[in-house]
Amino acid sequence: MRRLKSAVIFTHMRPDGDTLGSAMALSRALFLLNIKNEVVNEGEIPEKFLFLDGMKQIRRAPTLDAEGYVCVDASDEARLGYAQASFLAGVRKGKVTVNIDHHVSNTRFCKYNFVRPRASNCENMAELISLLGVGPDRLIGTYLMVGMITDSGAFSHGDVNGDTFRAKMHPNR
């Protein structure tokens, strides 16, 4: 993803903390790498997440003619809701497609798929952001924590394990 000059980040319909946290953390990391990007969700962002910086800038449809289309926390294209049409139009135009997800039911619908079953997709995102070479950042950490807390039932679900608590970003890795 470091080679992309621009990206549209798609979240799933009826957004929860994990899809929003994943998307916004990635958006911030790309911003820090000087990669132009925007986050897209088909509908309204739940009010309980609007306290987070940047949530009001999420768009309903892409406005950026980006090189890459990245789907986060979506096991298949249908989870994108109305934004699926924009995503598929990008596929037809030859956009680089990336899927970052944690669901075992993922259909691996993109050219590049980073799918690892974990308690939250934000755990995957923390690893990927670290691999991009982006060091710890307060805002990224906040987004990731929101996703981990909401998707794991405040760390109470059965798929939470030691790795969930160790998920972190490593500087310059």
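Reader: What makes helix H1 count as mostly covered?

Author: In this predicted model, 13 of the 16 residues of H1 are buried. Buried means under 20% relative accessible area, and H1 is therefore described as mostly covered.

Reader: How do you know what span to expect of H1?

Author: The expected span is 1.5 Å times one less than the number of residues. H1 has 16 residues, and from its first C-alpha to its last it reaches 22 Å, close to the 22 Å expected.

Reader: Why is aspartate 16 said to cap the N-terminal end of H1?

Author: A side-chain oxygen of aspartate 16 lies 3.2 Å from the backbone nitrogen of aspartate 18. A polar contact requires N or O atoms within 3.5 Å, so this pair meets the cut-off.

Reader: Which element gives the most to the largest nonpolar core?

Author: The largest nonpolar core has 35 residues, and Leu26, Met55 and Val72 are among those with the most contacts inside it. Strand S1, helix H1 and helix H4 are among the elements that give two or more residues to this core. H1 gives the most, with 7 residues.

Reader: What does methionine 55 touch?

Author: Its contacts include Leu20, Met24 and Tyr143, not counting residues up to four places away in sequence. Apart from the largest core lies another, of 13 residues, with Cys71 and Phe87 among them.

Reader: Why is cysteine 71 called buried?

Author: Its relative accessibility is 0%. The limit for buried is under 20%, so cysteine 71 qualifies.

Reader: How do you know that cysteine 71 is in no disulfide?

Author: The count for the structure comes to 0 disulfides. The nearest cysteine sulfur, that of cysteine 110, is 4.5 Å away. A disulfide requires sulfur atoms within 2.5 Å, and therefore this pair does not qualify.

Reader: What makes the pair of glutamate 38 and arginine 59 a salt bridge?

Author: Their side chains meet at 2.9 Å, N to O. The cut-off is 4 Å, so the pair is called a salt bridge. This pair links distant parts of the chain, 21 residues apart: glutamate 38 is in strand S2, and arginine 59 is in the loop between S2 and S3.

Reader: Are glutamate 38 and arginine 59 buried, partly exposed or exposed?

Author: Glutamate 38, with a relative accessible area of 8%, is buried. Arginine 59 has 38%. Partly exposed lies between 20% and 50%, so arginine 59 is partly exposed.

Note on methods: Residues numbered from 1 in each chain as written. Predicted model: local features only at pLDDT ≥ 70, side-chain atom pairs only at ≥ 80, totals over all residues. Heavy atoms only, no water. Buried < 20%, exposed > 50% of the residue type's maximum accessible area, 1.4 Å probe, protein only. Core = buried A, V, L, I, M, F, W, Y, C linked by side-chain atoms within 4.5 Å. Helix = DSSP H or I, 4+ residues; strand = E, 2+ residues; numbered from the N terminus. Contact = heavy atoms within 4.5 Å. Polar contact = N/O pair within 3.5 Å; in protein donor to acceptor, adjacent residues only side chain to side chain.
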